[in-house]
Amino acid sequence: MITQRQGEHLPAWLDAVRHDDLPSLHTLAASIDRDLTAVTAGLTLPWNSGAVEGHVNRIKMLKRQMFGRAGFALLRKRVLLAH
């Protein structure tokens, strides 16, 4: 379902999970139900936010490295000049 982008199978999978005797998966199914359209879109559509998440992760790493050592000006310069 995930690797082949078959989000249309999600409702059937959620029904199967609800009928199983696995309480932790029941919690997961309930969480997915709260935002079913977004999860289905994420499993179906070819777009993702991987590149954005990578940049956010890089910036957070730089921020952690500089915590308590420098001000905003130096942090800004490192973020803009880092590759």
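## A turn just after α4

A friendly place to start is Gly-68, which sits just after α4 and takes a positive phi of about 75 degrees. Keep in mind as you look around that this is a predicted model.

The helix that comes before this glycine, α4, covers residues 50-66. How far apart are its end C-alpha atoms? They are 25 Å apart, and this agrees with expectation, because 17 residues at 1.5 Å a residue should span 24 Å.

Glu-53 is a handy residue to find within helix α4. Its relative accessibility is 48%, so Glu-53 counts as partly exposed; the cut-off for exposed is over 50%. From the C-alpha atom of Glu-53 to that of Lys-77 the separation is 20 Å, with the two positions 24 residues apart along the chain.

## How α4 meets α5

Next comes helix α5, made of residues 72-81. It packs with α4 at an angle of about 145 degrees, and the two axes lie 10 Å apart. The crossing of this pair is right-handed.

Which residues of α4 and α5 meet? On the α4 side they are Arg-58, Ile-59, Leu-62, Lys-63, Gln-65 and Met-66, and on the α5 side Leu-74, Leu-75, Arg-78 and Val-79. Sorted by class, the residues of this contact are six nonpolar, three charged and one polar.

## How α1 meets α2

Now move to the pair formed by α1 and α2. Their axes are 9 Å apart, and the packing angle is about 145 degrees. Is the crossing of α1 and α2 left-handed or right-handed? It is left-handed.

From α1, the residues in this contact are Leu-10, Trp-13, Leu-14, Val-17 and Arg-18. They meet Leu-25, His-26, Leu-28, Ala-29, Ile-32 and Asp-33 in α2. Eight residues of the contact are nonpolar, two are charged and one is polar.

## The largest nonpolar core

In soluble globular proteins, nonpolar side chains tend to be buried together. Here, the largest nonpolar core has six residues: Leu-10, Leu-14, Val-17, Ala-29, Ile-32 and Leu-43. Both α1 (10-19) and α2 (23-34) supply at least two of its residues each. Which helix gives the largest share? That is α1, with three residues.

Leu-14 is a good residue to click on in this core. Setting aside residues up to four places away in sequence, Leu-14 touches Ala-29, Ile-32, Asp-33 and Leu-36.

## Leu-36, a partner in α3

Leu-36 belongs to helix α3, which covers residues 36-44. Apart from neighbours within four places in sequence, Leu-36 is in contact with Leu-10 and Leu-14, and both of those leucines are members of the largest nonpolar core. Why is Leu-36 described as partly exposed? Its relative accessible area is 28%, and buried would require under 20%.

Leu-36 also offers a distance to check in your viewer. Its C-alpha atom and that of Gln-4 are separated by 18 Å, and the two residues are 32 apart along the chain.

## Arg-5, before α1

Finish in the segment before α1, where Arg-5 has its place. Phi of Arg-5 is near 50 degrees, a positive value in a residue other than glycine. Is Arg-5 buried or partly exposed? Its relative accessibility is 45%, so Arg-5 counts as partly exposed.

Technical notes:
Residues are numbered from 1 along each chain as its sequence is written. This is a predicted model: local features need pLDDT of at least 70, side-chain atom pairs count only at pLDDT 80 or more; totals for chains, interfaces and linings use all residues. Side-chain values use heavy atoms; hydrogens and water are left out. A nonpolar core is a set of buried Ala, Val, Leu, Ile, Met, Phe, Trp, Tyr and Cys residues joined through side-chain atoms within 4.5 Å. Buried means under 20% relative accessible area, exposed over 50%, partly exposed in between (1.4 Å probe, protein chains only). Helices (H or I, at least four residues) and strands (E, at least two) are DSSP runs, numbered from the N terminus. Contact means heavy atoms within 4.5 Å. The expected span of a helix is 1.5 Å times one less than its number of residues. Axes are lines fitted to C-alpha atoms, for helices over the stretch in contact, and angles run from 0 to 180 degrees between N-to-C directions. A crossing is left-handed if the near helix is turned anticlockwise from the far one by less than a right angle, and right-handed if clockwise. Ala, Val, Leu, Ile, Met, Phe, Trp, Tyr, Cys and Pro count as nonpolar, Asp, Glu, Lys and Arg as charged, and the others, Gly among them, as polar.
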